[in-house]
Structure formats: structure tokens, C-alpha cells
Amino acid sequence: MSTEPDEKSQYEDKLEKMKQELNKLETEKRNLQKEVRHSDSRATEMELHRMSLDGDLQRLQMMLQEKEAHIQKLQDRFDTQSRTTASLEERCASLKFTIEQLKLSLEKHRLRKASLRVK
């Protein structure tokens, strides 16, 4: 009979240890579930942030395309103005040369006329 109370005591000790282990495991389980919820929440937050950044990137790419198109338009306009300016400068130089030629011709004509009057 003495073994029976010892056995019972051993089983009670084992039961107590198992209950303690169970409590420890349940606490660990709750902590792990809490960490999983926190990780899920953080993952959702990061996904929303990534989506926001993707939207920002798309907007910036569109703005960049618009700026590049505007720059190209201004470059084309500048090139056209430069060609027009060069053409007008050539025309101006040609007209100055023509004016000088006309002045010389007029001066020669005056000299001949004056020379004819003297005679």
C-alpha cells in the first residue's frame, strides 16, 4: 500500500508538471499568435505604403514625361528661331551689301553728272 500513495504522489507531480508545461505552452502560443497578428498588421501596413509609393512613382513618371515633352517642344522652337535668326542675319548682310553697292553706284553717277556739267 505504501507504493500506492507514492505512485499517486508521483502521478500528481507529473500532472502538476504537465499542467505547468501546458500553461507555459499556452502562454507561448498566445505570444506567438500576438506576434503573428502584429506581423500581419505590419505586412498590411507595408503593402499599403508600397502601393502609395507605386502611385507616387507613376505620378512622377507622368510629370517627367510631360516635362520632357515640354523641353522637346522648347528645343524645337529654339531650333526654328535659330534658323530664322540665321536666315535674317544673312538677309540683313545681303541687304547691307546691296545698299553699299547702290551707294557706290549713286556716287559714281553723281561724279559723272558733275563731270558732265563741268564740261
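R50 and E47 both sit in helix α1, three residues apart, which is about one turn of the helix. The model is predicted, and the secondary structure of its chain consists of one helix and zero strands. Helix α1 takes in residues 3–118. The points below go from the overall form of the chain to its charges and then to single residues.

**Overall form**

- The radius of gyration of the chain is 50 Å, whereas a compact globule of 119 residues would have a value near 14 Å.
- Measured out along its principal axes, the C-alpha trace spans about 170 × 15 × 10 Å.
- Of the 119 residues in the chain, 1% are buried.
- The chain exposes about 11800 Å², and 58% of this area is supplied by carbon and sulfur atoms.

**Annotated region**

- An unreviewed UniProt entry carries the annotation "coiled-coil region" for residues 8–119.
- In the model, residues 8–119 are 99% helix and 0% strand.
- The C-alpha atoms at the two ends of residues 8–119 lie 162 Å apart.

**Charges along the chain**

- There are 25 positive and 23 negative side chains in the chain.
- The centre of the positive set and the centre of the negative set are 26 Å apart.
- The count of salt bridges comes to six, and the pairs described below are among them.

**The network of E47, R50 and D54**

- Salt bridges link E47, R50 and D54 in a network.
- R50 meets E47 in a salt bridge between their side chains, with an N to O distance of 2.5 Å.
- R50 also forms a salt bridge with D54, and the closest N and O atoms of this pair are 2.5 Å apart.
- R50 and D54 both lie in helix α1 and are four residues apart, about one turn of the helix.
- How exposed are the members of this network? R50 is partly exposed, with a relative accessible area of 39%.
- E47 counts as partly exposed at 35% relative accessibility, and D54 is partly exposed with a relative accessible area of 33%.

**The pair E45 and R42**

- A salt bridge joins the side chains of E45 and R42, at 3.1 Å from N to O.
- E45 and R42 are separated by about one helical turn, because they are three residues apart in helix α1.
- E45 has a relative accessible area of 44%, so E45 is partly exposed.
- R42 is likewise partly exposed, with a relative accessible area of 40%.

**R77**

- Where is R77 found? R77 lies in helix α1, which runs over residues 3–118.
- Is R77 buried or exposed? R77 is exposed, because its relative accessible area is 58% and the cut-off for exposed is over 50%.
- H109 is 32 residues from R77 along the chain, and the C-alpha atoms of R77 and H109 are separated by 47 Å.

Technical notes: Residues are numbered from 1 along each chain as its sequence is written. This is a predicted model: local features need pLDDT of at least 70, side-chain atom pairs count only at pLDDT 80 or more; totals for chains, interfaces and linings use all residues. Side-chain values use heavy atoms; hydrogens and water are left out. The radius of gyration is taken over C-alpha atoms; the globule rule is 2.2 Å times the number of residues to the power 0.38. Buried means under 20% relative accessible area, exposed over 50%, partly exposed in between (1.4 Å probe, protein chains only). Accessible areas come from the Shrake-Rupley method with a 1.4 Å probe; for residues, only the protein chains shown count as cover. Lys and Arg count as positive and Asp and Glu as negative; His and the chain ends are not counted. The place of a charge is taken as NZ of Lys, CZ of Arg, CG of Asp or CD of Glu. UniProt positions are given in the numbering used here, feature names are shortened, and annotations may be inferred rather than shown by experiment. A salt bridge is a side-chain nitrogen of Lys or Arg within 4 Å of a carboxyl oxygen of Asp or Glu.
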